[in-house]
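Please read the following account alongside the sequence and the structure. It goes through the ligand surroundings, the sheets, two helices and some backbone features.

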Amino acid sequence: MSIPALVRPRPVHRASDLLAAYLPGSFYFSSPRGTLLADGVHSRVRAAGASHARAAAEALDAAAAAGVPDPVVAGAVGFRPEAESGLVVPSVVRRAGAPAVVRAPEAESGTSWTLTPRPEPAHYADSVRRALELIGRGELSKVVLARSLELAAESPVWVPALLARLVRADPAAYAFAADVTAPGDPAPRTLVGASPELLVSRRGATVLANPLAGSARRSGDEAQDRETVARLRDSAKDLGEHAHTAGQVAEVLGRFCTDLEVPAQPEVIGTPTMWHLSTRITGRLADPAAPACSALGLAEALHPTPAVGGVPGPAAVGAIADLEPEDRGYFAGMVGWTGLDGDGEWAVTIRSAEVCERTVRLSAGAGIVAGSEPAAELAETGAKFRTLLRALGLEGAV
Ligand SMILES: C=C(O[C@H]1C=CC=C(C(=O)O)[C@@H]1O)C(=O)O
């Protein structure tokens, strides 16, 4: 006679209820795989140096021993993991299915904002030129250069409403809101966004990564978008930019997997505001029990992919430090969760903003390769801002 496995029944929630229950300080993450809302802090995960996976595994074991139901490590890690990290084991986790498609609510209007580009567009274009010189000298093949928009509202920004608009505008996105308050912040700080890019997801021994690179603005006009997609699919510059990213992600995952499936050609995927070249890479883990093979361990091994860093990686990270006047903070890092069994899901923190009371700092980057044009990269980063600007009711402001 077989003995039924002991299972802890999970409460059943609706994705829309979890979204409605989000409050600043909670952790929210939704994707086509499901929705997770986490509250309270059972413990904080403090990693020595850049490696969080081992500290996370220890924190999860301790939480399970203390009786925390369904323990997960959740939160965000910045572009420079040694500088910014906000990972916790929450006290309570609620899960639901993927967000449903509903009519996106109109963004608030009537708030007046001041907008400050950081750096000035001309400075960004100049940085692109300098990156092209490095590429011309053979020091780099690709580097992603980012810029930010700093917005200030008249009154505090209500993050739950902003998150709800992001989720409803694109229920298939990796949508998130994570508390990233740092000592010295005048008020709570939240990282919020709707990323199209899955860094890595793990379910049992199966892993999936979905690197994106190579982009075009989505106009909303069907005929024009058909042309744009056809051009993107054939663009040697974008295909090259994409190959750097997909190749590196496949190479890193190959170290952990017994078999890996990498499509020969990227496909084009769309968000409400952009088109991207996309490669879905799947693999089977050789040793799923190793902490390095947890979803967080794999995410750390992959970060920064050339979708946010460049090739070769260390030279690109150095060039970013030299050419970008502002620190990236949590932009172009990772956000997600990992459970006790090592399963989980981590997205790249792009199409995101850090919100602190009345201020919103949103950032976007573009991959620079031989053949890139400063004006086009400036326009591409501007187009990428639209995910957040739309949700703030500010599209067309830049
Ligand atoms: C760095 C960003 O996008 C990355 C992901 C998709 C396409 C990209 C590109 O075409 O440059 C970027 O690598 C961003 O949105 O800020």
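In this predicted model, β13 (212–217) and β22 (359–369) each contribute at least two residues to the shell around the ligand. The shell holds 16 residues, and the closest to the ligand are Leu212, Ser215, Ile350, Gly365 and Gly367. By type, the shell residues comprise eight nonpolar, five polar and three charged.

β13 also belongs to an open sheet of three strands, in the order β13-β16-β15 and with antiparallel pairing. Its edge strands are β13 and β15 (267–270), each of which pairs on one side only. From one strand to the next, the twist averages 30°. Four bridges link β15 to strand β16 (residues 274–278) in the antiparallel sense. Across this pair, glutamate 267 has serine 278 of β16 as its bridge partner.

The other strand of the ligand shell, β22, pairs with β8: 11 bridges join the two, which run antiparallel. Within this pairing, leucine 151 is matched with valine 360 in β22. Strand β8 (residues 142–153) has further partners. β7 runs antiparallel to β8 and is joined to it by six bridges, with threonine 114 facing its bridge partner alanine 152 in β8. β18 is likewise antiparallel to β8, through two bridges, and here valine 143 stands opposite glycine 310 of β18. How much of β8 is buried? Nine of its 12 residues are, and the strand is mostly covered.

A further open sheet has nine strands in the order β3-β5-β4-β19-β20-β11-β12-β17-β14, and its pairing is antiparallel. β3 (43–44) and β14 (257–261) are at its edges; each has a single partner strand, so one side of each has no neighbour in the sheet. Inside the listed order, strand β11 (residues 198–203) and strand β12 (residues 206–210) run antiparallel and are joined by four bridges. Arginine 202 has valine 207 in β12 as its bridge partner.

Two strands of this sheet also help to place residues with an unusual backbone. Most residues other than glycine have a negative phi, and most peptide bonds are trans. Aspartate 70 is not a glycine, yet its phi is positive, about 50°. The residue sits in the loop between α2 (53–65) and β4 (72–77). Is aspartate 70 buried, exposed or partly exposed? It counts as partly exposed because it has 18 C-beta neighbours inside 10 Å, while the threshold for a buried residue is 20 or more.

Arginine 351 is another residue other than glycine with a positive phi, near 50°. Its position is the loop between β20 (344–348) and β21 (352–356). Arginine 351 has 29 C-beta neighbours inside 10 Å and therefore counts as buried.

There are also cis peptide bonds to note. One runs from arginine 118 to proline 119, with omega near -5°. Proline 119 is placed in the loop between β7 (113–118) and α3 (121–136). Another cis bond joins valine 311 to proline 312, where omega is about -10°. Proline 312 is in the loop between β18 (310–311) and α8 (313–323). β7 and β18, which precede these loops, are both partners of β8 in the pairings described above.

The helices come last. Helix α7 (residues 295–302) is mostly covered, with seven of its eight residues buried. The buried residues are Ala295, Leu296, Gly297, Leu298, Ala299, Glu300 and Leu302.

Helix α9 (residues 374–391) can be checked by its length. Its 18 residues, at 1.5 Å a residue, should span 26 Å. The expected span counts one less than the number of residues. The end C-alpha atoms of α9 are 27 Å apart, so the span agrees with the expectation. α9 nevertheless has a kink of about 35°, centred on phenylalanine 385. Phenylalanine 385 is itself among the buried residues of α9, which also include Pro374, Glu377, Thr381, Ala383, Lys384 and Arg386. Thr387, Leu388, Leu389 and Ala391 are buried as well. After α9 comes glycine 393, which has a positive phi near 75°.

How values were computed
Residues are numbered from 1 along each chain as its sequence is written. This is a predicted model: local features need pLDDT of at least 70, side-chain atom pairs count only at pLDDT 80 or more; totals for chains, interfaces and linings use all residues. A residue is near a molecule or strand if its C-beta atom, placed from the backbone, lies within 6 Å of it. Ala, Val, Leu, Ile, Met, Phe, Trp, Tyr, Cys and Pro count as nonpolar, Asp, Glu, Lys and Arg as charged, and the others, Gly among them, as polar. The bend at a residue is the angle between axes fitted to the seven residues ending there and the seven starting there. Two strands pair if DSSP finds at least two bridges between them. Axes are lines fitted to C-alpha atoms, for helices over the stretch in contact, and angles run from 0 to 180 degrees between N-to-C directions.
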